[in-house]
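This report looks at how a protein chain surrounds its ligand, beginning with individual atoms and moving outward to the domains.

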Amino acid sequence: MSQARERWPPLPLHILPDEQGPPHHWRAPSRERKSFMTVVADSRLEMYLSGARVPAHSQAAIDVIDPATEEVIGHIADGDATDVDRAVRAASDALPAWRELTPAQRAGFLRAIADEFERRIDEMSELVSRQNGTPIALAGAMQAMVPENYRYFASLADALETRERRATVGGDAIITREPVGVVGAIVPWNGPQPLTAWKVGPALAAGCTVVLKPAPETSLDALLLTEVFDAVGLPPGVIGVVTGGRQTGAALVEHPTVRKIAFTGSAAAGKAIAATCGAGLKHVTLELGGKSAGILLDDVDLDSFRPFVLSACTPNTGQTCRALTRVLAPRARYEEVVQFLADALRAIPLGSPSDPANLYGPLVNAAQRERVEAYIRIGVEEGAEVVTGGGRPAGFNCGYYVEPTLFRNVTNDMRIAREEIFGPVIAVMPYDTIDEAVAIANDSEYGLGGGVFSPDVERATAVAERIESGTVGVNTATFPMDAPFGGIKNSGLGTELGPHALDPYLTYKTIFRP
Ligand code: NAD
């Protein structure tokens, strides 16, 4: 087991206290500052390009706000087109030398990045948690995945065959696999470091150079990551970081030198990005939102399902693309499931993300809380019934907290069943037959995740095979990094992870010899 995993193990399955009654374990955050504030205070209006932090061209700044205390904890530059152009040029200048390295040499850099990241994992976890409100136990578990991700992509580089001579019809051919060029990587705030690794790792392994545009909410950790790149001696320009908002991202997508965009974020932004990539004939992969269904079969053991209320239905305070936010229960057990879920939600400790005991924190920002609260109102107006939650937790006078909320009497045509809320809100719907459960699960614009829960694994697998989605878990909602991950329909285009993760970063070239 890696050092990071020992320190930050995945959340244990039976982490939830088995208790009933009012959530007295929900504790409001204090305004205590943490040791990593030295890093935060150091946030300057800088970009990272050609291997150095340099003053941004843009003088516009974005505040970084701690969602648990609503304090401004730093500033980042809101990069403009000049900032983007400088970073792209630096990445383009670095491309010829980087692509000439052997895949094994590039794998060496990825392993060094993994080792250095591992050394800084506590600092990184705290910084991510401080910016996006992810409870520290979960932030640590998520950062612990990152070195494993970089090492996995290193192993793919080791196995990469870039030149093959093949007999063909009428002669023979030399077929080479070449990096697509400069990649623009754009990531959201909910899992910034793993999602960065899923793009930077395969891009570097394939021989591409990268300009990373993190989300404005979580850019300080991206700048901290540049210290990892410096520490391992990554050649200047191989990675650049441009901070900023939507316009900064749009400038990166539009830049003519960028040949591929690897994007994770909302479906709306993904469609706009795909349109620009279409106009510029750029490669693009899109990992977008979800509205995934968790189907409880009639023999489900609810006690076994208990840990999944957190890890599958509301991970990261519900701000996870693959969350099973539509729970489908057999009609004969509907009331039992509703009561069980309500009790389980209330039992999950909520409070300051810096307290390792807490498993729910605040939402990432005020806008996200407004969005979630608006959906709760919409659900009530549509005729659904709030079983638990529905408001802000009592006693929390600061921070963007909402109560974990459960809706019953939901039908699949309601907006709360169709649209991605991205908060701790679960809709429970009854079904009469497996066919109906599958039909409800598939009646969605999205197709990212899914889960089927039953002690009978083969029976659950047969149902999982009928779900139209990129990833479906049997008695889980997670997925392994050595299998493809991606969405269909409005959930995305293309895949990341798995043995073919380098493919989107490579093109083929054929030299034919009759
Ligand atoms: P978002 O789409 O608003 O922003 C994501 C990133 O894209 C940010 O860096 C943002 O600045 C940038 N951006 C936004 N509009 C852009 C545009 N037109 N051109 C270029 N860049 C643009 O999403 P968010 O609110 O930050 O993140 C939440 C969303 O991400 C949810 O929909 C969630 O489901 C999705 N997500 C998907 C996955 C997945 O793997 N499928 C993983 C995590 C999050």
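In this predicted model, a polar backbone atom of Val-187 lies 2.9 Å from an oxygen atom of the ligand. Two further polar contacts of the ligand are set beside it in the table, one involving a side chain and one involving the backbone.

| Residue | Protein atom | Ligand atom | Distance |
|---|---|---|---|
| Val-187 | polar backbone atom | oxygen | 2.9 Å |
| Arg-246 | polar side-chain atom | nitrogen | 3.3 Å |
| Gly-265 | backbone N or O atom | oxygen | 3.4 Å |

Taken alone, the ligand exposes 840 Å², and the protein buries 91% of that area.

The shell around the ligand can be described next. There are 28 residues around the ligand, and those that come nearest are Val-187, Lys-213, Ser-266, Leu-288 and Glu-420. By character, the residues of this shell divide into 17 nonpolar, seven polar and four charged. Helix H9 (246–254), strand S10 (258–264) and helix H10 (267–279) each supply at least two residues of the shell, and H9 gives the most, with three residues.

Where does the ligand lie with respect to the domains? The protein chain is divided into domain 1, which covers 25–288 + 492–512, and domain 2, which covers 293–479. Because domain 1 and domain 2 both give residues to the shell around the ligand, the ligand lies between them.

The two domains also meet each other directly, with 28 residues of domain 1 in contact with 40 residues of domain 2. Between them, domain 1 and domain 2 bury about 2,600 Å², of which 62% is on carbon and sulfur atoms, while the C-alpha centres of the two domains lie 30 Å apart.

Definitions and conventions. Residues are numbered from 1 along each chain as its sequence is written. This is a predicted model: local features need pLDDT of at least 70, side-chain atom pairs count only at pLDDT 80 or more; totals for chains, interfaces and linings use all residues. Side-chain values use heavy atoms; hydrogens and water are left out. A residue is near a molecule or strand if one of its heavy atoms lies within 4 Å of it. A polar contact is a pair of N or O atoms within 3.5 Å; within protein, one must be able to donate a hydrogen and the other to accept it, and residues adjacent in sequence count only if both atoms are side-chain atoms. Accessible areas come from the Shrake-Rupley method with a 1.4 Å probe; for residues, only the protein chains shown count as cover. Helices (H or I, at least four residues) and strands (E, at least two) are DSSP runs, numbered from the N terminus. Ala, Val, Leu, Ile, Met, Phe, Trp, Tyr, Cys and Pro count as nonpolar, Asp, Glu, Lys and Arg as charged, and the others, Gly among them, as polar. Domain bounds come from an automatic or database domain assignment. Contact means heavy atoms within 4.5 Å. Buried area is the accessible area (1.4 Å probe) that two parts lose on being put together, summed over both.
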